[in-house]
Amino acid sequence: MNNLLLYFLTTTGTFLLMECITWCTHKFVMHGFLWYLHEDHHQPKYQGVFEKNDAFFVIFAIPSIALFYFGIHPELNYLFFIGSGILLYGIAYFLVHDIIIHQRFPWFKNIKNPYIKSLRKAHKVHHKHLGKQDGECFGMLYVPIKYFKQYF
């Protein structure tokens, strides 16, 4: 039972830590030396189903896959649950960023929830900058309080 709690806390802690890692990666890598992969994501209308920015799904999946592998060899260990936290964050990222915010699929179009509306507003502010400089709101789940104020 003690291991179950530790594994749950490891997965949950990793999921929460991923927001900080995502913020830093978005600001310093995606808006830095890998801008050429992220740039098309900041264009008003991108063509086709996929964009170069989608390569980041693969890039971020590699550590999770490696952690799953080393987390079961030679036996189940904490690395598996770190990989699980990264995977769960990746799923949340896809659902929140690609489906709810950017509406790449026509689901959840009329959400009235103040958090979701604030999240969309913060992301819209992020995308008003078409270049890699002068960005703001680099996180995915964390929304600065100033974006909540207009919905309460």
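This report describes the chain as a whole, then helix α5, His 126 and a few backbone details.

**The whole chain**

The model is predicted. The protein chain holds 5 helices and 0 strands. Read along the sequence, the pattern is α-α-α-α-α. The C-alpha trace spans about 50 × 40 × 30 Å along its principal axes. There are 152 residues in the protein chain, and 39% of them are buried. Among contacts with a separation of 6 or more, 54% join residues 24 or more positions apart.

The accessible surface comes to about 9600 Å². Carbon and sulfur atoms account for 71% of that surface. The protein chain carries 14 positive and 9 negative side chains. The centres of these two sets lie 13 Å apart.

**Helix α5**

Helix α5 covers residues 114-127. It has 14 residues and reaches 20 Å from its first C-alpha to its last. That is close to the 20 Å expected at 1.5 Å a residue. At the start of α5, a side-chain oxygen of Asn 113 comes within 2.8 Å of the backbone nitrogen of Tyr 115.

Buried residues of α5 include Ile 116, Leu 119, Ala 122, Val 125 and His 126. Polar names appear as well, among them Ser 118, Arg 120 and His 123. The cover over the buried residues of α5 includes α1 (2-33), α2 (35-38) and α4 (78-101).

**His 126**

His 126 sits in helix α5. Is His 126 buried or exposed? It counts as buried, because its relative accessibility is 0%, and the cut-off for buried is under 20%.

Which residues does His 126 touch, leaving aside those up to four places away in sequence? Four are histidines: His 26, His 31, His 38 and His 42. The others are Glu 136, Cys 137 and Phe 138. With Glu 136 there is a polar link: the side chain of His 126 reaches the backbone oxygen of Glu 136 at 2.7 Å.

**Backbone details**

Cys 137, a contact of His 126, has a positive phi. So does Gln 103. Neither residue is glycine. The table sets them side by side.

| Residue | Place | Phi | Relative accessible area |
|---|---|---|---|
| Gln 103 | loop between α4 and α5 | near 50° | 26%, partly exposed |
| Cys 137 | segment after α5 | near 55° | 16%, buried |

Another backbone detail lies in the loop between α3 (55-70) and α4, where Pro 74 is found. A cis peptide bond joins His 73 and Pro 74. Its omega is about 5°.

How values were computed
Residues are numbered from 1 along each chain as its sequence is written. This is a predicted model: local features need pLDDT of at least 70, side-chain atom pairs count only at pLDDT 80 or more; totals for chains, interfaces and linings use all residues. Side-chain values use heavy atoms; hydrogens and water are left out. Helices (H or I, at least four residues) and strands (E, at least two) are DSSP runs, numbered from the N terminus. Buried means under 20% relative accessible area, exposed over 50%, partly exposed in between (1.4 Å probe, protein chains only). A polar contact is a pair of N or O atoms within 3.5 Å; within protein, one must be able to donate a hydrogen and the other to accept it, and residues adjacent in sequence count only if both atoms are side-chain atoms. Contact means heavy atoms within 4.5 Å. Accessible areas come from the Shrake-Rupley method with a 1.4 Å probe; for residues, only the protein chains shown count as cover. Lys and Arg count as positive and Asp and Glu as negative; His and the chain ends are not counted. The place of a charge is taken as NZ of Lys, CZ of Arg, CG of Asp or CD of Glu. The expected span of a helix is 1.5 Å times one less than its number of residues.
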